[in-house]
Amino acid sequence: MRPLLRSEEMLLLAVWKLQPNAYGVPIRQYLSEVTGRDWPIASVYVPLDRLVERGLIRATDAPPTGKRGGRRRRLFTLTPKGEAALVELNRIHNTLWDGFTHLGLQSG
């Protein structure tokens with residue numbers, strides 16, 4: 001499997017964290033809060049579509065609501081393949097970061 005981009009990893013984690021309300025707006029808001037930067041809508045939906053194509057998440061249409069003028073929400077959920085990818089990413093990160101405490105830089 002092709003390694004995930006960092007933004008794809010963050011999107012997968014956001015989908016996992018926000019279930020059952022993992023759709024575009026809350027995903028974008030959550031990532032903006034966590035990273036402290038604005039996530040343009042295209043930087044959310046384009047990689048989400050890639051993750052759907054790769055079978056890491058599933059997209060389903062929720063029934064329309066009056067709040068959205070009758071428009072449907074596209075909900076995202078992790079697939080078993082997506083869950084396995086997150087487990088593997090966690091293992092890799094833990095191995096790479098093992099023993100890291102600081103950069104050894106001194107201020108001033």
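Guide: Helix axes here are lines fitted to C-alpha atoms over the stretch in contact, with angles from 0 to 180 degrees between N-to-C directions, and helices are DSSP runs of H or I with at least four residues, strands runs of E with at least two, numbered from the N terminus. This is a predicted model, in which local features need pLDDT of at least 70 and side-chain atom pairs count only at pLDDT 80 or more, while totals for chains, interfaces and linings use all residues. Residues are numbered from 1 along each chain as its sequence is written, and side-chain values use heavy atoms, leaving out hydrogens and water.

Visitor: At what angle do the axes of α2 and α3 cross?

Guide: Helix α2 covers residues 24-35 and helix α3 covers residues 42-53. Their axes come within 10 Å, and they cross at roughly 115°.

Visitor: Which residues of α3 does α2 meet?

Guide: Contact means heavy atoms within 4.5 Å. From α2, the residues taking part are Gly-24, Val-25, Ile-27 and Arg-28, and they meet, in α3, Val-44, Tyr-45 and Leu-48.

Visitor: Which element supplies the largest share of the largest nonpolar core?

Guide: Such a core is a set of buried Ala, Val, Leu, Ile, Met, Phe, Trp, Tyr and Cys residues joined through side-chain atoms within 4.5 Å, where buried means under 20% relative accessible area with a 1.4 Å probe, protein chains only. The largest one has 20 residues, and Ile-27 and Leu-48 are among those with the most contacts inside it. The largest share of this core, five residues, comes from α1.

Visitor: Which residue does a cis peptide bond join to Gln-19?

Guide: The bond has an omega of about 10°. Its partner is found in the loop between α1 (6-18) and α2, and the residue joined to Gln-19 is Pro-20.

Definitions and conventions. Buried means under 20% relative accessible area, exposed over 50%, partly exposed in between (1.4 Å probe, protein chains only).
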